[in-house]
Amino acid sequence: MASVQCAEAPTGGFSFENCKRNAFLVDKGVVSTPKTRKTGTTIVGIVYKDGVILGADTRATEDTIVADKNCSKIHYIAPNIYCCGAGTAADTEMTTRMIASQLELHRLSTGRTVRVVAANRLLKQMLFKYHGHISAALVLGGVDHTGPHLYSIWPHGSTNKLPYCTMGSGSLAAMSVFEDRYKVGLDLDEGKRLVRDAVRAGIFNDLGSGSNVDICVITKDGVEYVRPYDQANMKGVRQGSYKYKKGSTATLSKVIRPIAFTVTDETVEQMET
């Protein structure tokens, strides 16, 4: 006789079944508690009278080591859209490349200019799918037929549409410059100076940011990517002389040991073909 088995209805909320197991493994020394990685960057963006201006520093760090002094943090998304990335360099690079390839296929399929909101939707959906495990905090800017647009995208997938925004470890210093000097209707020169000063504020107040200032100006007529736009940390000139005369340091003893070696002759003959 057939019997009907009803599956148990799933309950909502989080599951904490593995908490005791993980605590036990940590106590026994089998595994260690994972730690977040500290990253450093200053990326900014503003909407000005004719378009969008993006800015970024160029320092890439590995813990307390400066791994790259001239790292490019402004990534190509589409001919009219660019994106600044903060977080793990590999994550920001591959995330922007994957979305750029999808948008290129979309542009070729439809024959239309990609809208900035489409790039924003693809980026936020991809990041939300991984629940913040992709370390990519982005500032997305571009110009389409509806005008200039600027978005901040967080690693867990939330987004904001703003007239100006900052991301990265130097974002608070950069935001203080924007909140003090930003105004609606900035012209190109005022916008470039404002973005430059905001990134410089992040460079000089955050150890994770440094080196140069890159900017990208996006308008309906095209893109101007200036790298570097400004050199914030110029290499200093050595003030003193560090050359010492021979004999400045006393030689206490001198030993010469002959090294035995054998000289062999080798000849190379061309192979007949």
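Biologist: Which strand order does the open sheet of five strands with β10 in it have?

Modeller: This sheet runs β10-β1-β2-β11-β12, and its pairing is antiparallel. Keep in mind that we're looking at a predicted model.

Biologist: What holds strands together in a sheet, in general?

Modeller: Strands pair through backbone hydrogen bonds, in either a parallel or an antiparallel way. In our case, look at β11 (residues 212-219) and β12: seven bridges join them, and they run antiparallel. To pick out one pair, I215 has V226 of β12 as its bridge partner.

Biologist: And which are the edge strands here?

Modeller: They're β10 (164-167) and β12 (222-231), and each of them pairs on one side only. While you're there, check the turning: ignoring direction, neighbouring strands of this sheet are turned by 15° against each other on average.

Biologist: Which strands does helix α4 touch on this sheet?

Modeller: Helix α4 (residues 171-181) packs on the sheet and touches β1 (43-48) and β10. The direction of α4 makes about 165° with that of β10. Helix α5 (residues 188-205) packs on the sheet too, touching β1, β2 (51-57), β11 and β12. The direction of α5 makes about 25° with that of β2.

Biologist: Now the other sheet. What is the order of the strands from β5 to β9?

Modeller: Here you have an open sheet of five strands, ordered β5-β6-β7-β8-β9, with antiparallel pairing. β5 (74-78) and β9 (159-161) are at the edges with a single partner strand each, so one side of each has no neighbour in the sheet. From one strand to the next, the twist averages 25°.

Biologist: How many bridges join β7 to β8?

Modeller: Seven bridges link β7 (residues 136-144) with β8 (residues 147-153), and the two run antiparallel. Find V143, and you'll see P148 of β8 standing opposite.

Biologist: How do side chains sit along a strand, generally?

Modeller: In a regular strand they alternate between the two faces of the sheet. Now let's see which helices lie across this one. α2 lies across β5, β6 (81-87) and β7, running at about 15° to β5. α3 lies across β5, β6, β7, β8 and β9, and runs at about 165° to β7.

Biologist: At what angle do α2 and α3 pack?

Modeller: Helix α2 (residues 89-110) and helix α3 (residues 116-129) pack at about 135°, with their axes 10 Å apart. The two helices are therefore oblique to each other. The crossing of α2 past α3 is right-handed.

Biologist: Which residues make the contact?

Modeller: From α2 it's T95, M98, I99, Q102 and L103; from α3 it's A119, L122, L123 and M126. Sorted by class, this contact of α2 with α3 has seven nonpolar residues, two polar ones and no charged ones.

Biologist: What do β3 and β4 form?

Modeller: A hairpin, with two residues between the strands. In the turn, D63 has a positive phi of about 60°. Three bridges join β3 (residues 60-62) to β4 (residues 65-68), and these strands run antiparallel. One residue to find is A60, which stands opposite D68 in β4.

Biologist: Last one: what is the mean pLDDT of the chain?

Modeller: The chain has a mean pLDDT of 90, and 94% of its residues reach 70 or more. Among its elements, β1 has the highest mean pLDDT (98), whereas helix α1 (residues 19-27) has the lowest (86).

Terms used. Residues numbered from 1 in each chain as written. Predicted model: local features only at pLDDT ≥ 70, side-chain atom pairs only at ≥ 80, totals over all residues. Heavy atoms only, no water. Axes fitted to C-alpha atoms, helices over the stretch in contact; angles between N-to-C directions. Helix = DSSP H or I, 4+ residues; strand = E, 2+ residues; numbered from the N terminus. Parallel < 35°, antiparallel > 145°, perpendicular 65-115°, else oblique. Left-handed = near helix turned anticlockwise from the far one by under 90°. Contact = heavy atoms within 4.5 Å. Nonpolar A, V, L, I, M, F, W, Y, C, P; charged D, E, K, R; others polar. Pairing = 2+ DSSP bridges. pLDDT = per-residue confidence, 0-100.
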